[in-house]
Amino acid sequence: MNATTTLRNRSWAPDAARVEGAVKVYGSPDSADTAVTALDGVSVGFPAGRFTAIMGPSGSGKSTLTHCAAGLDTLTSGSAYIGDTELGSLDDRRLTLLRRDRVGFVFQAFNLVPTLTVAENITLPMDLAGRRFDQDGLEWTDALIDVVGLRDRLHHRPAELSGGQQQRVAVARAFAGRPDVVFADEPTGNLDSRSGEEVLGLLGRAVREMDRTVVMVTHDPVAAAHADEVVFLADGRLVDRMEAPTADKVLDRLKAFDTRSAPPSEGGPS
Ligand SMILES: Nc1ncnc2c1ncn2[C@@H]1O[C@H](COP(=O)(O)OP(=O)(O)OP(=O)(O)O)[C@@H](O)[C@H]1O
Ligand SMILES: [Mg+2]
């Protein structure tokens, strides 16, 4: 079976991205004083064609996990895969190509180029790569522009747009090259709730109507409820997963973290 085949049923969907035994230590691992273990042996897969949310307390390793899974940062030990490609096996050039061609990223700060128009920002990754738009690619970006609702803003510059509109441009840019997976780290963190809902609706439509794969970090139970599944991190470990989340169920799960700082299987803080 082709690894990019999109299947709805989780039990059949191949992972678009996954990490196995992921450990990330910041600072010198030899110096107990300065070393911070951000990921402490995480194994998790993000199925193709699905919308997965990552939640957990501040400092639990959510950003580290997404950055390492996306190839923006490297693991201290363990493996990260995009499809069947193990990122640690790639030299710098191949890793750059993989990031460019197979992964999209949406950040909390919109990270648009201020001097470029909306249209130019959306196609920037492909223009930088010297990738020509074939008919398929043109139709894809055209459809994307309608999905994000920016057709009447294509020749505006980011400063002329609201925050929500700017983030919609960033979302369109992340999907423009038809990557295997789009990672979003708190994409609604800087938005009011209405603009946030628009961006979340957009990510959901990309998954359900355009067969995309999305992995999103969020603090917000309402945002997480847009996902097909939520994975929970605590202290750099995967502690739970929840299918078909609702805001209430997610909130209840998070409250359990507050009353018990260590994962359930742990004997408490050491
Ligand atoms: N560059 C770095 N150098 C040293 N420590 C880091 C670095 N980046 C993150 N950390 C530490 O790693 C741990 C996990 O950080 P991470 O940013 O992944 O958490 P997070 O779950 O995304 O938190 P938040 O919800 O606040 O964004 C934290 O203890 C953090 O202080
Ligand atoms: Mg973070």
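This is a short chat about helix packing and ligand contacts in a predicted model.

Colleague: Let's start with the helices. At what angle do H4 and H6 pack, and how far apart are their axes?

Modeller: Remember that the angle is taken between N-to-C directions. Here H4, residues 135–147, and H6, residues 193–210, pack at about 135°, and their axes are 11 Å apart.

Colleague: How do I put a word to that angle?

Modeller: You need the cut-offs: over 145 degrees counts as roughly antiparallel, and 65 to 115 as roughly perpendicular, with oblique for what is left over. H4 and H6 are therefore oblique to each other. As for handedness, H4 passes H6 in a right-handed crossing.

Colleague: Which residues make that contact?

Modeller: From H4 you have Trp140, Ala143, Leu144 and Val147, and from H6 there are Leu202, Arg205 and Met210. Sorted by class, the contact of H4 with H6 has six nonpolar residues, no polar ones and one charged.

Colleague: Now H4 and H5. Are they roughly parallel or antiparallel?

Modeller: Go back to the angle. H4 and H5, the latter being residues 163–176, pack at about 160°, with axes 10 Å apart. H4 and H5 are therefore roughly antiparallel to each other. Their crossing is right-handed. On the H4 side the contact is made by Trp140, Thr141 and Leu144, and on the H5 side by Ala172, Phe175 and Ala176. That contact of H4 with H5 divides into five nonpolar residues, one polar and no charged.

Colleague: And what do H5 and H6 do with each other?

Modeller: Same reading, other end of the scale: angles under 35 degrees count as roughly parallel. The axes of H5 and H6 cross at roughly 15° and come within 9 Å. That makes H5 roughly parallel to H6. Their crossing is right-handed.

Colleague: Which residues of H5 and H6 meet there?

Modeller: H5 brings Gly164, Gln167, Arg168, Val171 and Phe175, which meet Ser195, Glu198, Val199, Leu202, Leu203 and Ala206 in H6. By class, the contact of H5 with H6 has six nonpolar, three polar and two charged residues.

Colleague: On to the ligand. How many residues surround ligand 1, and which are the closest?

Modeller: Start with the surroundings, then pick out the polar pairs. Ligand 1 has 13 residues around it, and the closest are Ser58, Gly59, Lys62, Ser63 and Thr64.

Colleague: Where do the ligand's oxygens find polar partners?

Modeller: For polar pairs, look for N or O atoms within 3.5 Å. An oxygen atom of ligand 1 is 2.5 Å from an N or O atom in the side chain of Ser58. With Thr64, a ligand 1 oxygen is 2.5 Å from a side-chain N or O atom. At Ser60 the partner is a polar backbone atom, 3.2 Å from an oxygen of ligand 1.

Terms used
Residues numbered from 1 in each chain as written. Chains lettered and ligands numbered in written order. Predicted model: local features only at pLDDT ≥ 70, side-chain atom pairs only at ≥ 80, totals over all residues. Heavy atoms only, no water. Axes fitted to C-alpha atoms, helices over the stretch in contact; angles between N-to-C directions. Helix = DSSP H or I, 4+ residues; strand = E, 2+ residues; numbered from the N terminus. Left-handed = near helix turned anticlockwise from the far one by under 90°. Contact = heavy atoms within 4.5 Å. Nonpolar A, V, L, I, M, F, W, Y, C, P; charged D, E, K, R; others polar. Near = heavy atom within 4 Å. Polar contact = N/O pair within 3.5 Å; in protein donor to acceptor, adjacent residues only side chain to side chain.
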